[in-house]
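Here is a structure to read with some care, one label at a time. Each turn asks what stands behind a word and then sets a value against a rule.

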Amino acid sequence: MNKKKVIADTEQYVKEEMLADATGHDWQHVCRVRNTALQLACIENADLFVVEMAALLHDLDDYKLTGDASAHLPRATRWLDRMGVDPSIARQVLDIITHLSFKGADVATPMSDKEGCVVQDADRLDAIGAIGIARTFAYGGAKGRTMYVPGDEPVQHKSFEEYKNSTGATINHFYEKLLLLKDRMNTSAAKDMAEKRHQFMLDFLRQFSEEVGL
Ligand code: NI
């Protein structure tokens, strides 16, 4: 297996698949996650090929985009097979992707290896800060959600089922997920990076509430 060629081909494939996405899960999101994950992987001494492949493929089968919340990853699985990736590496990549997503305030999503830890951190860092705010409203708009509803309180979801079926206003998502991510980072480098982004969201929410009278 020529790892360099596999990465280049995967990049091309994912780019074509995600270029037109308007939910905040577009190709630029994948690029940012890949770059941050590789940066963290160097610090953590994680396997760069596994990290890069998992980062590139991580949103291809996302339930938020495909509507399929089962644990199957048909597109990523087929692609790894087509690329001739060693079965043990393919399994590790698929395992990381399966356990990556946030599934509700009260639902733990532990990663079993350092490769998974850095990809999860990178994906979560991209969900907070200025880019996180932009992506949240893009996603809400794409799904037809209102921005805010006076009197509509955030919910602490106790199961993945409850979390994925929630249809609340976009602003509630900050309290139901985004403000919780800082304390869920796996690596200390990601924790440091999350701090500034978290503060920025708090400032944004303060200003938002003031302007709209929430
Ligand atoms: Ni993602």
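Q: Why is C31 called buried in this predicted model?
A: C31 has a relative accessible area of 15%, and since buried means under 20%, C31 counts as buried.

Q: What makes C42 count as exposed?
A: The relative accessible area of C42 is 56%, and because exposed means over 50%, C42 is placed in that class.

Q: How do you know that C31 forms no disulfide bond with the closest cysteine sulfur?
A: That closest sulfur belongs to C42 and lies 17 Å from the sulfur of C31, whereas a disulfide requires the two sulfur atoms to be within 2.5 Å, so the distance is too far for a bond. C42 is likewise in no disulfide, with its nearest cysteine sulfur, that of C117, 16 Å away, and the count by this rule comes to zero.

Q: Which residues coordinate the nickel ion, and why is its site called irregular?
A: The nickel ion is held by NE2 of H29, NE2 of H58, OD of D59 and OD of D123, at 2.1 to 2.3 Å. The angles among these four donor atoms run from 84 to 169 degrees, while a tetrahedral site would need all angles between 85 and 135 degrees; the site is classed as irregular.

Q: What makes the pair H58 and D123 tie together parts that are 65 residues apart in sequence?
A: H58 sits in the loop between α3 (48-57) and α4 (63-66), and D123 belongs to helix α7 (residues 114-125), so the pair links those parts.

Q: Why do H58 and D123 count as buried?
A: Buried means under 20% relative accessible area, and H58 is at 5%, while D123 is at 17%.

Methods: Residues numbered from 1 in each chain as written. Predicted model: local features only at pLDDT ≥ 70, side-chain atom pairs only at ≥ 80, totals over all residues. Heavy atoms only, no water. Donors = N, O, S within 2.8 Å, 3.2 Å for Na, K, Ca; no water. Tetrahedral: all angles 85-135°; square planar, octahedral: opposite > 155°, others 65-115°. Helix = DSSP H or I, 4+ residues; strand = E, 2+ residues; numbered from the N terminus. Buried < 20%, exposed > 50% of the residue type's maximum accessible area, 1.4 Å probe, protein only.
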